[in-house]
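The following exercises concern the surroundings of the ligands in one protein model. Please study the sequence and the structure before reading the solutions.

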Amino acid sequence: AKDRGKATFAHYEPGLHALALERLAIRGELQHAIRDNEFVLHFQPTVDLRTETITGFEALVRWQHPTRGLLAPQAFISIAEQSGLIVELGHWVLREACFAAVGLQTALHQPTMSVNVAAQQIVQADFVDWVVAALEDSGLAPRHLVLEITESVLLDDMAGAVERLAVLRDLGVHVAIDDFGTGYSSLAYLSRLPVDILKVDKTFVDNVCDGREGASVTEAIIAMSRTMQLTTVAEGVELPEQAAWLKEAACTMGQGYLWSRPVDLARAHHLMRAGVPR
Ligand code: C2E
Ligand code: CA
Ligand code: CA
Ligand code: CA
């Protein structure tokens with residue numbers, strides 16, 4: 001037993017060290033990555049649950065790293081947040097997504113473009129100016145842009161965030177609460193927020209069909225949305241049974257691997273022409 005404990009320790013210690021070094025390396029590389037144009041956006045469609053047609057896309061950032069390959073946000077977003085680089089990266093994502101959205105529009109369909117916004121972006125005094133500049137430069141109408149924020153964003157600087165989001169919403173920009181249900185929420189607090197859309201977190205959607213609490217939480221969110229005249233989007237829909245349950249429960253929209261994984265811009269154009277495969 002003594003030997004095994006020692007072996008485990010010997011194995012674990014260098015692993016931790018390597019991880020810390022890796023994070024340090026990534027932090028250094030991040031600084032050049034924006035300038036060197038190493039980020040790309042992938043786009044995942046949201047669909048109307050009744051018609052299963054595309055209503056919009058969510059922009060999800062990836063890092064096309066010169067040696068490490070295509071990195072998912074999980075590998076670098078928290079590091080970008082810790083170093084403050086998330087502000088610059090977030091600006092890039094916003095502009096790129098607005099330009100992509102204009103390109104995806106057809107004569108008949110104008111999909112919305114949802115962009116994830118970090119807390120550190122909203123606390124910037126010029127956040128509104130950045131959004132307005134991205135809209136003006138790309139030519140995207142404000143009503144086609146959705147800003148996705150998490151509940152934790154609002155707790156950091158509630159008054160400032162609410163004020164800025166209210167200004168943008170007056171311009172026509174839509175606001176979504178991401179991962180809804182996982183943070184602190186109450187009806188009273190929600191009614192004070194300038195919000196249009198609630199995104200039901202995947203952890204609830206995962207077990208809507210299992211008869212576990214996922215179903216009752218999702219039903220409660222949908223009921224709350226209806227009372228407040230908000231749109232509900234279910235995240236992480238993977239199974240036809242989940243889509244059927246959500247449609248029956250009158251959830252407005254869905255997003256998940258069932259319809260499409262996040263795809264590059266060329267494939268997003270294809271989805272606009274051909275529809276989601278299902
Ligand atoms: P999120 O905003 O909750 O985005 C949804 C995540 O769930 C995406 O992961 C997406 O690929 C994944 N997903 C969608 N449908 C399914 C499904 O059916 N099954 C499963 N298993 N997963 C599904 P991704 O692209 O790795 O992004 C992870 C997180 O990184 C995002 O979570 C978001 O919080 C953050 N993120 C991504 N892009 C940005 C960005 O530009 N700025 C900021 N601040 N955060 C970003
Ligand atoms: Ca999101
Ligand atoms: Ca989400
Ligand atoms: Ca989520």
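**Exercise 1.** State how far an oxygen atom of ligand 1 is from an N or O atom in the side chain of Asp-178, then describe the other polar contacts of ligand 1.

*Solution.* Step 1: an oxygen atom of ligand 1 lies 3.1 Å from an N or O atom in the side chain of Asp-178, a polar contact being a pair of N or O atoms within 3.5 Å. Step 2: for Arg-62, the distance from its side-chain N or O atom to an oxygen atom of ligand 1 is 2.8 Å. Step 3: a nitrogen atom of ligand 1 is 2.6 Å from an N or O atom in the side chain of Glu-238. Step 4: taken alone, ligand 1 exposes 800 Å², of which the protein buries 77% (areas by the Shrake-Rupley method with a 1.4 Å probe).

The model is predicted: local features require pLDDT of at least 70 and side-chain atom pairs pLDDT 80 or more, whereas totals for chains, interfaces and linings use all residues. Residues are numbered from 1 along each chain as its sequence is written, chains are lettered from A and ligands numbered from 1 in the order in which they are written, and side-chain values use heavy atoms, without hydrogens and water.

**Exercise 2.** Which residues come nearest to ligand 1, and which element gives the most to its shell?

*Solution.* Step 1: 21 residues surround ligand 1, and Gln-44, Arg-62, Asp-178, Glu-238 and Tyr-257 come nearest (near means a heavy atom within 4 Å). Step 2: strand β2 gives the most to this shell, with four residues (strands are DSSP runs of E, at least two residues). Step 3: by class, the shell divides into 10 nonpolar, four polar and seven charged residues (Ala, Val, Leu, Ile, Met, Phe, Trp, Tyr, Cys and Pro count as nonpolar, Asp, Glu, Lys and Arg as charged, and the others, Gly among them, as polar).

**Exercise 3.** Which residues coordinate the calcium ion (ligand 2), and which residue bridges this ion and the calcium ion (ligand 3)?

*Solution.* Step 1: the calcium ion (ligand 2) is coordinated by Glu-58 (OE), Asn-116 (OD1), Glu-148 (OE) and Asp-178 (OD), at 2.1 to 2.3 Å. Donors are N, O and S atoms within 2.8 Å of the metal (3.2 Å for Na, K and Ca); water is not among the atoms, so sites may look incomplete. Step 2: Glu-58 belongs to strand β2 and Asp-178 to strand β6, so the pair ties together parts 120 residues apart in sequence. Step 3: the protein donors of the calcium ion (ligand 3) are Asp-178 (OD), Asp-179 (OD), Glu-235 (OE) and Glu-235 (OE), lying 1.7 to 3.0 Å from it. Step 4: Asp-178 bridges the two calcium ions, which lie 3.6 Å apart.

Definitions and conventions. A polar contact is a pair of N or O atoms within 3.5 Å; within protein, one must be able to donate a hydrogen and the other to accept it, and residues adjacent in sequence count only if both atoms are side-chain atoms.
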